[in-house]
Every structure is written in C-alpha cells, then in structure tokens.
Amino acid sequence: MIPYGKQYISQPDIDAVVEVLKSDFLTQGPQVPAFERLVANKVGAKYALALNSATSALHVACKALGLGNGDWLWTSPISFVASANCGLYCEAKVDFIDIDLSTYNICLKSLEQKLLRALVSGTLPKVIVLVHLCGQPCQMKEISKITKQFDVKLIEDASHAIGGKYRDEYIGNCRYSDITVFSFHPVKIITTAEGGMALTNDSELARLISLYGSHGITRDPTEMCDAAHGPWYYEQIELGFNYRMTELQAALGISQLSQLDYFVKQRHNIAAIYNAELRELPIKLPLQHSDSYSAWHLYVILLDINEIGKSHNEIFCDLRSRGIGVNVHYIPIYTQPYYKKLNYKFDLCSNAETYYSCAISLPMFATMTPDQQTKVIKEVKDSLR
Ligand SMILES: *Cc1c(COP(=O)(O)O)cnc(C)c1O
C-alpha cells in the first residue's frame with residue numbers, strides 16, 4: 001500500500017537523536033531552546049514554545065488567550081478534531097464556520113455574516129482557530145480585517161502548513177494572528193514523532209504558554225507571590241500541564257528542520273505532476289489561491305460523483321484495493337457523536353457536507369518516488385473510468 005503520508009528519517013536525524021541519548025539531558029536540556037530559536041528565526045516570529053503535540057499547543061494557546069467557561073471558540077468543521085477540542089478543554093463552547101468550496105478553508109462571507117449575527121445575540125467568539133487546510137494558508141489579511149472590529153483573538157492552526165508561505169512570508173510569523181501552532185506528527189511536513197510548537201510575537205502570551213505547558217510552575221522571582229525560601233524555591237501560580245517536548249524530539253526536530261524547504265519543494269513537484277496528469281478526469285483538483293505558497297501537506301481531490309457513476313465509498317474502497325492508501329480529510333467535526341451529544345444548535349455547514357461527500361486525499365509525501373506516483377495516477381485513472 002502506498003500510504004497517504006509518511007515521514008522521512010535520514011541518517012543525520014538518527015545520529016542527532018543518539019547523540020542526545022548519550023548526553024546528560026533527556027529532557028529540559030539545551031536541545032529544546034535551540035529548536036525553538038531555530039524555528040522562530042526560520043519563520044520570523046519573536047517567540048517559539050515547543051510542546052509535546054499540536055493538540056497541547058492549541059490547548060495552552062487557548063488558555064493563554066484567556067478562553068474559559070462561557071466563552072465561544074469558532075473553527076472550521078473540516079479539520080482534525082483537535083482544532084475544536086481545545087475550546088472544550090477550556091470549558092468554552094465551540095461553533096463552526098462553513099468552508100469555501102474553492103479553497104476548503106473557512107468562507108470569509110460566512111465568517112462575516114456569522115460575526116454580525118453573534119454581535120446581535122451577544123455570542124461573539126473570544127477565539128477563532130483558523131486552519132490552513134492541506135497547507136494552503138487562509139486569507140489571513142482579509143480575515144484579520146473582518147475580525148478586528150469584533151475584538152476576536154486569532155490562532156492559526158498551521159499543523160499542515162510549516163514551510164508554506166502567505167504573501168511571500170513564512171507561515172508562523174503571526175503577522176495577522178496572536179498565536180500560530182505547528183504539528184510535528186509523522187504524517188506532517190517535518191516530524192519529532194509526537195510534537196508541536198506555538199509561536200507568537202507577544203511576550204506575555206509566550207510567558208503564559210510556557211507556564212501552562214509546564215505545570216503552571218515558575219522559577220522567576222518577579223512572578224512569585226512570596227519571597228523565595230532559598231535557591232531551590234519555585235512556585236505554582238496557575239494550574240498547568242506537563243506538555244513538555246523531550247530533548248530527543250527536539251534534536252530530531254532540529255535535524256528535520258534543515259530539510260524543511262527541500263521537503264516542501266518536493267511536495268510542490270509531486271502536486272504539479274498530479275495537477276498535470278489528473279486534469280482530464282471528472283474530479284476537482286485543489287485550487288491554489290494566488291496569495292499562497294502551500295506546504296502541500298495533503299493533495300485532496302473532489303470526485304464528481306454524478307459523472308463517475310459510483311459512490312464516494314465505492315471509489316475509496318476500489319483505490320484501497322488497488323494498493324493506493326487514500327484517506328479522507330476530514331469528517332465534519334460537528335457530526336462526531338461527542339459533538340452531537342453537546343446539543344448545541346450548530347449552523348448547518350452545507351459546503352463542508354458537500355466537501356465531505358466527495359473528498360479523497362491522494363498519497364503525498366516528500367519522498368514519494370516517481371514510480372509510486374505513476375502507480376497512483378494510473379490506478380486513479382483506471383478506477384474513475
Ligand atoms: C495533526 C493535526 C492536529 C494535531 O496535531 P498533533 O501534533 O497530532 O496533536 C491539529 N490540527 C490539525 C489541523 C492537524 O492536522
């Protein structure tokens with residue numbers, strides 16, 4: 001089976017991790033701050049905080065922005081559940097903005113109309129989590145213009161998007177957002193096995209993310225309530241979590257980061273070949289907005305079910321049986337049983353439902369060989385004929 005996504009681990013990656021195993025620090029050593037600095041410099045953010053997953057990063061990002069009981073968090077229904085769960089972790093309520101059927105990111109018109117309705121009903125969100133689906137950045141400039149008048153905080157869930165650019169600048173510089181989050185799960189662009197990072201330009205948000213990610217404990221005397229009892233003294237000043245990244249993960253991340261631009265370039269090459277080879281089929285190819293340079297985490301096609309005359313499920317199973325590890329990203333989050341149980345009145349996101357009824361992710365990873373891609377293309381063509 002050719003998988004839909006897969007990591008690439010080089011000998012230098014392995015050597016970097018082994019080096020750490022032989023060193024004095026497996027956690028809380030020099031690798032994590034070095035990795036944070038490298039990513040911050042690479043993408044142009046002031047602060048970077050490494051965490052043990054993007055899910056953890058989203059959670060502490062929401063905490064840092066003050067999201068809590070009675071607040072609302074909005075996100076896209078077409079995302080991994082973590083983009084919404086971070087709101088529930090904070091006891092906030094969650095709602096969804098429908099997607100745009102050209103980019104599959106949130107629809108700006110839906111966002112604006114929903115904000116105006118929420119203004120009337122007094123249910124404006126405190127936080128919006130913007131998902132750069134498949135690696136294609138949301139239209140951040142326009143979104144920040146729309147949300148500015150409503151005093152909404154913006155988090156970019158850039159789990160798919162490290163190495164991508166928006167208007168010629170790397171995703172992660174937080175030019176139009178408060179916090180950006182990356183994932184280093186093995187199917188993403190670069191990996192630390194599990195791992196994530198939160199980036200911001202705001203020193204207070206950076207302080208809070210770090211605090212919540214490490215038990216709410218501080219060793220900084222200026223943050224303490226009492227005078228230090230002695231040099232051993234620390235204080236727990238908030239209820240935080242142990243979301244720390246290990247030294248092994250950070251060493252792997254540093255090594256992987258040196259390949260980031262190459263990985264993204266390879267993904268662009270693969271996308272260009274799919275674009276050229278699949279053009280004539282009864283499918284919709286992923287449109288790229290002119291402002292964006294995608295990290296191409298996923299290559300999603302939308303099937304023209306009527307034209308093909310087979311169901312979404314039939315085509316999916318047929319491709320799997322042909323050895324193509326297709327997948328579906330994503331099931332609309334509000335249709336998950338856990339979300340249904342919450343009993344909110346979600347607006348129906350009809351574009352998200354349409355998308356879900358016909359979306360298929362084709363294999364896409366930096367080290368996919370020409371032979372593998374030729375096989376994917378052949379099987380997709382045969383299957384849709
Ligand atoms: C993978 C992913 C996450 C979660 O990342 P982890 O590092 O696995 O916690 C969150 N949001 C999106 C959009 C993702 O694709």
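Me: Which helix and which strand each supply at least two residues of the lining of the largest pocket?

Reply: Good place to start, and please keep in mind that this is a predicted model. The two elements are helix H7, residues 203-212, and strand E10, residues 217-218. Of these, H7 gives the most to the lining, with four residues.

Me: How much space lies in the largest pocket, and which residues are closest to its centre?

Reply: The space comes to about 400 Å³. The lining has 14 residues, and Ser210, Ser214, Ile217, Thr218 and Arg219 are the closest to the centre. Sorted by class, the lining holds four nonpolar, five polar and five charged residues.

Me: Let me turn to the ligand. Which residues are the closest to the ligand?

Reply: A helpful way to read a ligand site is to begin with the shell of residues and then look at single atom pairs. Here the ligand is surrounded by 15 residues, and the closest are Thr55, Asp157, His160, Ser183 and Lys188. The shell divides into nine polar, four nonpolar and two charged residues.

Me: What lies 2.7 Å from an oxygen atom of the ligand?

Reply: That is an N or O atom in the side chain of histidine 160. On the nitrogen side, a polar side-chain atom of aspartate 157 is 2.7 Å from a nitrogen atom of the ligand. Serine 159 also has a side-chain N or O atom 3.4 Å from a ligand nitrogen.

Me: How much of the ligand does the protein bury?

Reply: Taken alone, the ligand exposes 380 Å², and the protein buries 93% of that. Two elements give two or more residues to the shell around the ligand: helix H3 (54-64) and helix H4 (82-89).

Me: Pockets are open, so what about closed spaces? How many cavities of 30 Å³ or more does the structure hold?

Reply: In a cavity, a probe fits but cannot get out. This structure holds three cavities of 30 Å³ or more. The largest has a volume of about 70 Å³, and its lining includes Lys6, Tyr8, Lys188, Phe263 and Arg267. By class, that lining has six nonpolar, three polar and three charged residues. Lys188 links two parts of our tour, as one of the residues lining the largest cavity and one of the closest to the ligand.

Me: How do the residues lining the second largest cavity divide by class?

Reply: They divide into eight nonpolar, four polar and no charged residues. The second largest cavity has a volume of about 60 Å³, and among the residues lining it are Tyr104, Cys134, Trp296 and Val300.

Me: What should I look for in the backbone?

Reply: Most residues other than glycine have a negative phi, and most peptide bonds are trans. Tyrosine 104 has a positive phi of about 70° although it is not a glycine. Tyrosine 104 sits in the loop between strand E3 (93-96) and helix H5 (108-121).

Me: Which residues does a cis peptide bond join?

Reply: The cis bond joins histidine 329 and tyrosine 330, with omega about 10°. Tyrosine 330 is found in the loop between helix H11 (312-321) and H12.

Me: Which element has the lowest mean pLDDT, and which the highest?

Reply: Look at pLDDT as the predictor's confidence in each residue. Helix H12 (residues 337-341) has the lowest mean among the elements, 94, while strand E8 (residues 179-183) has the highest, 99. The chain as a whole averages 97, and 100% of the residues score at least 70.

Technical notes: Residues are numbered from 1 along each chain as its sequence is written. This is a predicted model: local features need pLDDT of at least 70, side-chain atom pairs count only at pLDDT 80 or more; totals for chains, interfaces and linings use all residues. Side-chain values use heavy atoms; hydrogens and water are left out. On a 1 Å grid over the protein atoms alone, a cavity is a set of points where a 1.4 Å probe fits but cannot get out, and a pocket is an open set with protein on both sides within 12 Å along at least five of seven lines; lining residues have an atom within 4 Å of a point. Grid points are joined across faces, edges and corners, and a volume is the space filled by probe spheres set on the points. Ala, Val, Leu, Ile, Met, Phe, Trp, Tyr, Cys and Pro count as nonpolar, Asp, Glu, Lys and Arg as charged, and the others, Gly among them, as polar. A residue is near a molecule or strand if one of its heavy atoms lies within 4 Å of it. A polar contact is a pair of N or O atoms within 3.5 Å; within protein, one must be able to donate a hydrogen and the other to accept it, and residues adjacent in sequence count only if both atoms are side-chain atoms. Accessible areas come from the Shrake-Rupley method with a 1.4 Å probe; for residues, only the protein chains shown count as cover. pLDDT is the predictor's confidence in each residue, from 0 to 100.
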